[in-house]
Amino acid sequence: MRTFDLAPLYRSAIGFDRLAQLLNEQRADAQPSYPPYNIELVSEDKYRIVMALAGFSREEIDIITERDSLHVTGRKQKDGVERTFLHRGIAARDFEQRFQLANHVKVTGATFENGMLTIDLVREVPEALKPRKIEIGTGTGTGSDTVSVLEQRQAA
């Protein structure tokens with residue numbers, strides 16, 4: 001396995017320490033493959049996670065958002081019946097799946113139907129962080145151009 005020294009990134013870039021931390025975490029924690037899931041781009045700022053949870057009921061699934069992560073856990077309740085399987089193709093075992101959310105991505109809802117869990121997400125960038133056009137003044141030296149830029153900033 002290859003290892004990367006990210007120390008130069010910490011020294012020469014400002015604000016990328018979180019990115020380097022995420023890279024280190026991804027190397028340490030390989031994502032489990034159970035349960036199977038899809039991540040869909042529904043529109044420009046809307047996403048959907050669809051997980052196949054055969055054998056689970058709505059009460060056995062928990063969805064928790066915490067800062068910039070989404071945790072989906074499933075705890076199979078034991079029914080007390082002893083079974084002997086000749087073939088077991090449906091896993092139906094406990095799981096915990098974590099998704100790292102980008103900045104300003106929020107969970108808007110979740111549904112569970114026919115063994116498929118659907119989680120809807122949307123990216124809502126605050127108005128203050130969206131790009132805006134700044135008018136260029138004439139440079140007459142009166143300072144009124146600077147005031148108009150400040151007024152535009154305060155109005156936004």
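Which residues does Ser-69 touch, not counting residues up to four places away in sequence? Ser-69 touches Ile-64, Phe-99 and Leu-101, where contact means heavy atoms within 4.5 Å.

This is a predicted model, in which local features need pLDDT of at least 70 and side-chain atom pairs count only at pLDDT 80 or more, while totals for chains, interfaces and linings use all residues. Residues are numbered from 1 along each chain as its sequence is written, and side-chain values use heavy atoms, with hydrogens and water left out.

**The chain as a whole**

The secondary structure of the protein chain comes to 3 helices and 7 strands, and along the sequence these follow the pattern α-α-β-β-β-β-β-β-β-α. Helices (H or I, at least four residues) and strands (E, at least two) are DSSP runs, numbered from the N terminus. Of the 156 residues in the protein chain, 19% are buried; buried means under 20% relative accessible area, exposed means over 50%, and partly exposed lies in between, with a 1.4 Å probe and protein chains only. Among contacts between residues at least 6 apart in sequence, 48% join residues at least 24 apart.

**The sheet around strand S4**

An open sheet of 3 strands has the order S3-S4-S5, with antiparallel pairing. Its edge strands are S3 (61–66) and S5 (95–100), each of which pairs on one side only. Neighbouring strands of this sheet are turned by 15 degrees against each other on average, direction ignored; the axes behind this angle are lines fitted to C-alpha atoms, for helices over the stretch in contact, and angles run from 0 to 180 degrees between N-to-C directions. Two strands pair if DSSP finds at least two bridges between them, and S3 and S4 pair in the antiparallel sense over 6 bridges. As one example, the bridge partner of Ile-64 in S4 is His-71.

**Three residues in and after S4**

The table sets out the place and the relative accessible area of three residues.

| Residue | Place | Relative accessible area |
|---|---|---|
| Ser-69 | strand S4 | 12%, buried |
| Thr-73 | strand S4 (residues 69–74) | 13%, buried |
| Arg-75 | loop between S4 and S5 | 41%, partly exposed |

Ser-69 counts as buried because its relative accessibility is 12%, and its side chain is joined to that of His-71 by a polar contact of 3.2 Å. A polar contact is a pair of N or O atoms within 3.5 Å; within protein, one must be able to donate a hydrogen and the other to accept it, and residues adjacent in sequence count only if both atoms are side-chain atoms.

Leaving aside residues up to four places away in sequence, Thr-73 touches Glu-60, Ile-61, Asp-62, Phe-95 and Glu-96. With the same exclusion, Arg-75 touches Phe-56, Glu-60, Asp-94, Phe-95 and Glu-96. The C-alpha atoms of Arg-75 and Ile-61 are separated by 6.7 Å, although these residues are 14 residues apart along the chain.

**The nonpolar core**

The largest nonpolar core has 16 residues, and those with the most contacts inside it are Met-51, Leu-53, Val-72 and Leu-117. A nonpolar core is a set of buried Ala, Val, Leu, Ile, Met, Phe, Trp, Tyr and Cys residues joined through side-chain atoms within 4.5 Å. The elements that give two or more residues to this core are S2 (46–52), S4, S5, S6 (105–113) and S7 (116–123), and S7 gives the most, with 3 residues. Apart from its neighbours within four places in sequence, Leu-53 is in contact with Pro-35, Ile-61, Phe-95, Phe-112, Gly-115 and Leu-117.
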